[in-house]
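Trainee: May we go through this model together?
Mentor: Certainly; please bring it up and we shall begin with the strands.

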Number of protein chains: 2
Amino acid sequence: MRNFLSHIAFDSVIFGFSGEKLKILIMKYHNTGLYALPGGFVDLNENLNDAVRRGLKERTGLDNIYLEQFYTFGDVARYKPEIMQTILEANGKSLEENHWMLERFISVAYYALINYDKVVPTPDTLSDSCTWYAVDELPNLMLDHREIVQRALKTLGENLDKKLVGANLLPTRFTIPTLQKVYEAILGEKLNRTAFQRKILSLGILKRHEKEYSGKAHKAPYLYSFESEAK
Amino acid sequence: MRNFLSHIAFDSVIFGFSGEKLKILIMKYHNTGLYALPGGFVDLNENLNDAVRRGLKERTGLDNIYLEQFYTFGDVARYKPEIMQTILEANGKSLEENHWMLERFISVAYYALINYDKVVPTPDTLSDSCTWYAVDELPNLMLDHREIVQRALKTLGENLDKKLVGANLLPTRFTIPTLQKVYEAILGEKLNRTAFQRKILSLGILKRHEKEYSGKAHKAPYLYSFESEAK
DNA sequence: TTCTATTGTCGCAATTTGCGACAATAATAA
DNA sequence: TTATTATTGTCGCAAATTGCGACAATAGAA
């Protein structure tokens, strides 16, 4: 059995983009009806950031994910041992052996941006599902996880222009109109089409490739990728 | 004796502005030559943010400080029990009784902006000084505290335009040329004088008061305060 | 061949920003 | 009293950025 740092947890808001909607991964615990963000604990000999990447790998199957820490939640009000007790009991875990999980936790929150199509959502031993939910159609989340999602969205919006981070939600090659939909889903507002195109291209960090033929009756958009990327 | 959450600490980068320089408070531990950021631990029944405010009150004497959390440092490399042991021994503390301080800590870092002239820097029981240092003339800081300061500066610079946060480093009434010096100290670059004045005033959140006569042979600048403020 | 929906560009107006010009001081020197 | 000096508040204008409509260029369907 692993040995974790007590009182410290992490939670991940894992963003994906599909069907023109921004979505995140939500876990559902066995026999409890409780929904929560994917999270975990930090091994005694593990960097905090590495623990989060380990968790992401377990939930999504992906390495090398775009990841950003955005806030640490430390209010006493988030201490609800009865909830953790419910989860443990519903999973047949002994309370004595897992007493450390009943103590107060401070949670370091991260958001991750991933390519929806590459993910294989995988539940952990305590949960029976790990599923995508549109951010505007979330189930009731336990503890303060709703607030964590809100803050992740806010921070992501503020950081959106940093070197095109939004593109991490798309495949390696993507079109500018699609990227615009990502921006609009995150910011919750429509953006001017021509100004958006001009702005993105003016950054000079995208490389134009062949066109993407959608099979629809209209002009096809060009595909782009990051200049640096090989191939 | 207080009962703290194990494995969790906080560090504060407390900014002040004096003599046209940006400064921060640094503690020096008794008999060790070790310099560090002011920090502390979180009481079992205390909100993380409240713990930090309690620490700020103890070090500066001030309440109601502008405070922002900016990053949580959780690398294993910051675990150097021999340093904490040195500090405890130099202060005649028993290692048995304080063994929890020798374990690994994850540290939540905050920066605070205060009015330099209102502060009474006060050391704690482990340190013999709590002193202002210009950010470009810091002594060698222990552990990763140098990195914490760097990141605080970076984040502060990025947040500088949010509702004139920089003004928290000045008295209630201040002149625009002085505010510009604050900006320049934080950003580490000269700003255009007339553009700065126009930008700040265009925010429409400052109220103009009487002039400030410096005794120097030139036109006196106007004093400003936040519109909302009473008086 | 015509029609429809969407994309890539251009042009122009509106807004913001960089920067010099210049008048208005506040104290000192003549 | 009258210059002189250093600094501040504004204005004007050019350059850069942004919002938005116009329009040609498609890709496929009718």
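Trainee: How many bridges join strand β5 of chain B to β6(B)?
Mentor: There are 7 bridges between β5 (residues 66-73) of chain B and β6(B), and the two run antiparallel. Strands here are DSSP runs of E of at least two residues, helices are runs of H or I of at least four, and both are numbered from the N terminus. Two strands pair if DSSP finds at least two bridges between them. Within β6(B), B:Val108 stands opposite B:Thr72.

Trainee: What should I know about the source and numbering?
Mentor: This is a predicted model, in which local features need pLDDT of at least 70 and side-chain atom pairs count only at pLDDT 80 or more, while totals for chains, interfaces and linings use all residues. Residues are numbered from 1 along each chain as its sequence is written, with chains lettered from A and ligands numbered from 1 in the order in which they are written.

Trainee: Which way does β1 of chain B run with β6(B)?
Mentor: Strand β1 (residues 4-18) of chain B and β6(B) run parallel, joined by 8 bridges. B:Val13 has B:Tyr111 as its bridge partner in β6(B).

Trainee: Why is β6 of chain B largely enclosed?
Mentor: Because 8 of the 8 residues of β6 (residues 106-113) of chain B are buried, the strand is largely enclosed by the rest of the structure. A residue is buried if 20 or more other C-beta atoms, placed from the backbone, lie within 10 Å of its own, exposed if 12 or fewer, and partly exposed in between. B:Ile106, B:Val108, B:Tyr110 and B:Ala112 point one way from the strand, and B:Ser107, B:Ala109, B:Tyr111 and B:Leu113 the other way.

Trainee: And α5(B): largely enclosed or in the open?
Mentor: Of its 10 residues 1 is buried, so α5(B) lies largely in the open. Just after α5(B), B:Gly204 takes a positive phi of about 65 degrees.

Trainee: Turning to the DNA, which residues are closest to strand D?
Mentor: The closest are A:Ala217, A:Lys219, B:Pro177, B:His218 and B:Lys219, among 22 residues that surround DNA strand D (C-beta atom, placed from the backbone, within 6 Å of it). The largest share of that surface comes from α5(A), with 3 residues.

Trainee: How many residues does each chain bring to the contact?
Mentor: Chain A and chain B each bring 19 residues, where contact means C-beta atoms, placed from the backbone, within 7 Å. On the side of chain A that touches chain B, β1(A) gives the most, with 4 residues.

Notes:
Two residues are in contact if their C-beta atoms, placed from the backbone, lie within 7 Å.
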